[in-house]
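Subject: Handing over a structure, with notes

Hello,

I am passing on a structure that I have been reading through, and I would be glad if you kept it open while you read the notes underneath.

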Amino acid sequence: MSVLVVGVSHRSAPVSMLERLALDAGGVTKLIADVAASEHVTEATVISTCNRLEIYADVDRFHGSIEEVSRLLVDRAGESTEALVPHLYVHYDDGAVSHLFNVAAGLDSMVVGEGQILGQTRDALRVGQELGTVGPALNVLFQQALRVGKRSRAETDIDRAAPSLVTAALERIPGQVAGRRVVVVGAGAMASLAAATVHRMGASDIAVVNRTPDRAARLATEYAARPVSLVDLDVELGRTDVLISCTGATGVLISRGAVETARAHTSAPLAIVDLALPHDVDPAAAEVPGVSVLGLAALAEELKGSDSARGVDDVRSIVAQEIAAFLAARRQASVTPTVVALRSMATSVVDSEMERLASRLPGLDDATRAEVLHTVRRVADKLLHEPTVRVKELANEDGAVSYAAALAELFALDPEAVDAVTRAEGISREGTS
């Protein structure tokens, strides 16, 4: 089996296309289920954020699986195959490992080094586990990716130096946040980050607006903010200085007309930051006098190619080390079933010959029999030692040769015996994860 990644992100597609692919929690669950039900897929999960949608699958065929998985994304985008496919990227096997490690470390984020992606990677693993679509292959891969992300942040300055998406956006609006009134629309992870950020920046008044009053109240309590019902959003629009919207709603939540009406009796400027996907705020609201709107599309353009965070080179070095170590361990593990099957065959041969010896020399005393058995086993071990050591060493070398397959062919190993060892190892790894 091999891991396949098919995805689309801010690096490969415009935000307008990402908006058409945006999924809520139910949509993510449905996509994972559809991928897992595909003919050539044995495991599956999805990383879904405001600037990426990536399918991770353990597959038994490359070409068949990529067609199935890509079709699922095309269907969700409501686009023709020709329109979407140029924006998709594909990573397979070693490339998939490298890509996920870079994602978890924050090197592929819109804001390089941001820490929120680590939690989103953890969510992808958790959801897949809860759905039963993540098995030994993806579990091991994602667990290691999370460790790489944690190590990158623990051993470098990137977590302290890299801004969040919210911070990067607020740095680009007119004026400072300190001393200003701020409205945060939403109560999810991004809204929580927004509330924490403006609180830290010294906003004089923070209102948290949400459709569910209890969620607004819980978030507001954390940051000395005011919980506000969604029906009162128009009132808040008329007196705030900065609005940050990041809900999971579908369709425009704040229209140009609502902004125009709310600002009719004030000449004070209003800066709107729309971090939702699809967008919460009608882009035409920027045409209202005194109102500026910064959305993900403009933010992505400004951040493109930016590696401003300290520690990026150090993180890249760590990720490269971790990729090499993981791939080496995986290649060595891939030959283990063949080596175990080879040694099992040798044991069977020794046992068979000892039975034959017993029938031919029934008078052999126990001490002599034990010495003969010990000698025959030593001969078998010495004959197998060099091939098993070398096949593990050769497994780490690049190239198309499968030394495990060659070993199995040379010694005529039973494929079912090798498969049995593989299955047993998979069950063991899954049970200890």
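The notes below begin with one strand and its partners, then turn to the nonpolar cores and to some backbone details.

Please keep in mind from the start that this is a predicted model.

**Strand β9 and its partners**

A good place to begin is β9, which is mostly covered, since five of its five residues are buried. In a regular strand the side chains alternate between the two faces of the sheet. In β9 both faces are covered, with L270, I272 and D274 buried on one side and A271 and V273 buried on the other.

Strand β8, residues 242–245, pairs with β9 in the parallel sense over four bridges, and β10 also pairs with β9 in the parallel sense, over five bridges. V273 is a useful residue to follow here, as it stands opposite I244 of β8 and opposite L294 in β10. Between β8 and β9 comes helix α13 (residues 256–262), and together these three elements make a right-handed β-α-β unit.

**The nonpolar cores**

Which residues have the most contacts inside the largest nonpolar core? They are V35, L165, L170, I244 and L275, in a core that has 67 residues. For I244, leaving aside its neighbours within four places in sequence, the residues in contact with it are L170, V182, V183, V184, V185, A194, V198, V273 and L275. There is also a second, separate core of 31 residues, which includes V97, V103, L125 and I323.

**Backbone details**

Where is P278 found? This proline is in the loop between β9 (270–274) and β10 (291–295), and the peptide bond that joins L277 and P278 is cis, with omega about 0°.

Two residues other than glycine have a positive phi, and I describe them in turn. D93, with phi near 60°, lies in the loop between β4 (89–92) and α5 (94–104). Is D93 buried or partly exposed? Its relative accessible area is 24%, and because buried means under 20%, D93 counts as partly exposed.

A224, with phi near 50°, lies in the loop between α11 (213–222) and β7 (226–229). A224 has a relative accessible area of 69%, and it is therefore exposed, the cut-off for that word being over 50%.

With best wishes

Notes: Residues are numbered from 1 along each chain as its sequence is written. This is a predicted model: local features need pLDDT of at least 70, side-chain atom pairs count only at pLDDT 80 or more; totals for chains, interfaces and linings use all residues. Side-chain values use heavy atoms; hydrogens and water are left out. Helices (H or I, at least four residues) and strands (E, at least two) are DSSP runs, numbered from the N terminus. Buried means under 20% relative accessible area, exposed over 50%, partly exposed in between (1.4 Å probe, protein chains only). Two strands pair if DSSP finds at least two bridges between them. A crossover is right-handed if, with the strands pointing away from the viewer, the path from the first strand over the helix to the second runs clockwise. A nonpolar core is a set of buried Ala, Val, Leu, Ile, Met, Phe, Trp, Tyr and Cys residues joined through side-chain atoms within 4.5 Å. Contact means heavy atoms within 4.5 Å.
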